Amino acid sequence: MRYRYGSITIATLTIILLSGCNPGPRDIDLGREECAHCRMTVADARFAAELVTKKGKIHVYDAVECMAAAVNAKDIPEEDINSMWVMRYDEPGTLIDA
């Protein structure tokens, strides 16, 4: 009986912890990552953007226009998109929710 309650407790805690996770953006490795749309190297932080799926996969773009083109082309189904982020031009390195 003790093991049964322990398993239920662990399962409940896991569900609570995972449900609280909201995938968000991450730092972009400038000069090393390529745009998910046009395949150019992401070199200038002022123009970069990110799209985060509901599963937490991050797609990096070298420009907002590339992210918009990818969304319009339905490269990623709309129902799979969790959030989109753009770089603050006046604060490169700071992503803001688009």
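This passage describes the salt bridges in a predicted model.

Side chains of opposite charge can pair when their charged atoms come close. The predicted structure contains 5 salt bridges. Several are described here in turn, with the exposure of the residues involved.

One salt bridge joins the side chains of Arg-26 and Glu-33. The N to O distance is 2.8 Å. Glu-33 has a relative accessible area of 16%. That value is under 20%, so Glu-33 counts as buried. Arg-26 is partly exposed, at 34% relative accessibility. This bridge therefore links a buried acidic residue, Glu-33, to a partly exposed partner, Arg-26.

A salt bridge also forms between Asp-44 and Arg-46. Here the closest N and O atoms lie 2.6 Å apart. Arg-46 has a relative accessibility of 32% and is partly exposed. Asp-44 is partly exposed as well, with a value of 27%.

Arg-88 takes part in a salt bridge with Glu-91. The closest N and O atoms of this pair are 3.5 Å apart. The pair qualifies as a salt bridge because its separation is within 4 Å. Glu-91 is partly exposed, at 35% relative accessibility. Arg-88 is also partly exposed, at 29%.

The bridge between Arg-88 and Glu-91 does not stand alone. A network of salt bridges links Arg-88, Asp-90 and Glu-91.

Methods:
Residues numbered from 1 in each chain as written. Predicted model: local features only at pLDDT ≥ 70, side-chain atom pairs only at ≥ 80, totals over all residues. Heavy atoms only, no water. Buried < 20%, exposed > 50% of the residue type's maximum accessible area, 1.4 Å probe, protein only.
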